[in-house]
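Reader: I would like to go through the labels attached to this model one at a time, and to see in each case how the label follows from a value and a cut-off.

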Amino acid sequence: THVIESESEAGEGRADIVIISREIDRKICNNAQGIGFVIELKQTQKKKINLKKLADDGLKQIEEKKYVE
């Protein structure tokens, strides 16, 4: 029912994980719109981490690199 890609080209970079429905995948050349997911993974070696900041960094990267357009 869905296509899952990792490190796929999206916008101006490569998204870590992209999940889209097969219906959208079939129509991708026709600028189909629908629900999909872009997952940007972040990691840290710090013992005390600010998860909100890591999540915000991921969202900022998705927006700046135009993974969703």
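Reader: Why is Lys 66 called partly exposed?

Author: In this predicted model, Lys 66 has a relative accessible area of 37%, and because partly exposed covers the range between under 20% for buried and over 50% for exposed, the label follows.

Reader: What makes the contact of Lys 66 with Glu 12 a salt bridge?

Author: The N to O separation of the two side chains is 3.6 Å, and since the limit is a side-chain nitrogen of Lys or Arg within 4 Å of a carboxyl oxygen of Asp or Glu, the pair qualifies. Glu 12 is in the loop between β1 (2–10) and β2 (13–21), whereas Lys 66 is in the segment after α2, so that the pair, 54 residues apart, links distant parts of the chain.

Reader: Why does Glu 12 count as exposed?

Author: Its relative accessibility is 52%, and exposed means over 50%, so Glu 12 falls in that class.

Reader: How do you know that Lys 52 and Asp 56 form a salt bridge, and where do they lie?

Author: Their closest N and O atoms are 3.1 Å apart, and because the cut-off is within 4 Å, the pair is counted. Both belong to helix α2, where being 4 residues apart separates them by about one helical turn. Lys 52 counts as exposed at 58% relative accessibility, while Asp 56, with 35%, is partly exposed.

Reader: Which residue pairs with Asp 57, and how are the two placed?

Author: Asp 57 forms a salt bridge with Lys 53, again with 3.1 Å between the closest N and O atoms, and both lie in helix α2, 4 residues apart. Asp 57 is partly exposed at 29%, and Lys 53 is partly exposed at 47%. The structure holds 4 salt bridges.

Reader: Why is Glu 40 said to have no salt bridge?

Author: The nearest side chain of opposite charge, Lys 42, is 4.1 Å away, and because a salt bridge needs the atoms within 4 Å, the pair is not counted. Glu 40 is nevertheless buried, and its side chain joins that of Gln 61 in a polar contact of 3.2 Å, which is accepted because the cut-off there is within 3.5 Å.

Reader: What makes Phe 37 eligible for a surface patch?

Author: Phe 37, in strand β3, is partly exposed at 46%, and because patch residues need over 30% relative accessible area, this value passes. Ile 35, Phe 37, Ile 39 and Leu 41 form the nonpolar patch, with about 410 Å² of accessible area together.

Notes
Residues are numbered from 1 along each chain as its sequence is written. This is a predicted model: local features need pLDDT of at least 70, side-chain atom pairs count only at pLDDT 80 or more; totals for chains, interfaces and linings use all residues. Side-chain values use heavy atoms; hydrogens and water are left out. Buried means under 20% relative accessible area, exposed over 50%, partly exposed in between (1.4 Å probe, protein chains only). Lys and Arg count as positive and Asp and Glu as negative; His and the chain ends are not counted. A polar contact is a pair of N or O atoms within 3.5 Å; within protein, one must be able to donate a hydrogen and the other to accept it, and residues adjacent in sequence count only if both atoms are side-chain atoms. Patches are made of residues with over 30% relative accessible area and no salt bridge: like charges are joined within 9 Å, nonpolar side chains (Val, Leu, Ile, Met, Phe, Trp, Tyr) within 5 Å. Accessible areas come from the Shrake-Rupley method with a 1.4 Å probe; for residues, only the protein chains shown count as cover.
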